[in-house]
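Hi there,

Here is the structure I promised to pass on to you. Please have a look at it first, and then read my notes below.

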Amino acid sequence: MIFPQNGVRFIAINDGVDSVTGRISDERFTELSADYEAAQKELKEKAAALQSKLSKTLEATANAERMYTSLEELTPTCCGSLWRKS
């Protein structure tokens with residue numbers, strides 16, 4: 001920052017930041033905390049959804065492997081079930 005080096009103190013009214021102390025206002029801290037908590041909640045929800053999708057995919061793959069471990073003939077039906085599009 002250029003201002004503290006020149007001995008100029010400023011307070012950013014929009015952000016509530018004091019350039020000398022480096023502190024933010026209580027209101028800004030509360031706002032930032034709420035934003036952080038919302039972002040963390042969204043990430044947890046996305047992670048849970050991805051984990052669920054991964055579990056289902058792994059289960060389907062394992063079922064297909066069990067079904068075709070003793071495959072004697074490769075048929076179009078077998079290929080379709082092993083390589084179906086998601």
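The notes below go through confidence, fold, surface and side-chain contacts.

Please keep in mind that this is a predicted model. The mean pLDDT of the protein is 77, and 65% of the residues reach at least 70. Confidence varies along the chain: of the elements, H1 has the highest mean pLDDT, at 89, while strand E1 (residues 11–12) has the lowest, at 55.

On to the fold. The protein holds 2 strands and 2 helices, and their order from the N terminus is β-β-α-α. Helix H1 covers residues 26–67, and two of the features described below involve residues of this helix.

Next, the surface. Of the 86 residues in the protein, 7% are buried. The accessible surface amounts to about 7800 Å², and carbon and sulfur atoms account for 57% of that area.

One nonpolar patch on the surface may interest you. Ile 24, Phe 29 and Leu 32 make up this patch, which comes to about 270 Å². Phe 29 sits in helix H1. Is Phe 29 buried or exposed? Its relative accessibility is 52%, so Phe 29 counts as exposed, given that the cut-off for exposed is over 50%.

Now for the charged side chains. How many salt bridges does a search of the whole structure find? The search turns up 1. The partners are Lys 46 and Glu 42, and their closest N and O atoms lie 3.3 Å apart. That pair counts as a salt bridge because the cut-off is 4 Å between a Lys or Arg side-chain nitrogen and a carboxyl oxygen of Asp or Glu.

Both residues belong to helix H1, where Lys 46 and Glu 42 are 4 residues apart, or about one turn of the helix. As for their surroundings, Lys 46 has a relative accessible area of 47%, and Glu 42 has one of 43%. Both residues are therefore partly exposed, as that class lies between the 20% limit for buried and the 50% limit for exposed.

That is everything I have for now. Happy to talk it over whenever suits you.

Best wishes

Methods: Residues are numbered from 1 along each chain as its sequence is written. This is a predicted model: local features need pLDDT of at least 70, side-chain atom pairs count only at pLDDT 80 or more; totals for chains, interfaces and linings use all residues. Side-chain values use heavy atoms; hydrogens and water are left out. Buried means under 20% relative accessible area, exposed over 50%, partly exposed in between (1.4 Å probe, protein chains only). Accessible areas come from the Shrake-Rupley method with a 1.4 Å probe; for residues, only the protein chains shown count as cover. Patches are made of residues with over 30% relative accessible area and no salt bridge: like charges are joined within 9 Å, nonpolar side chains (Val, Leu, Ile, Met, Phe, Trp, Tyr) within 5 Å. pLDDT is the predictor's confidence in each residue, from 0 to 100.
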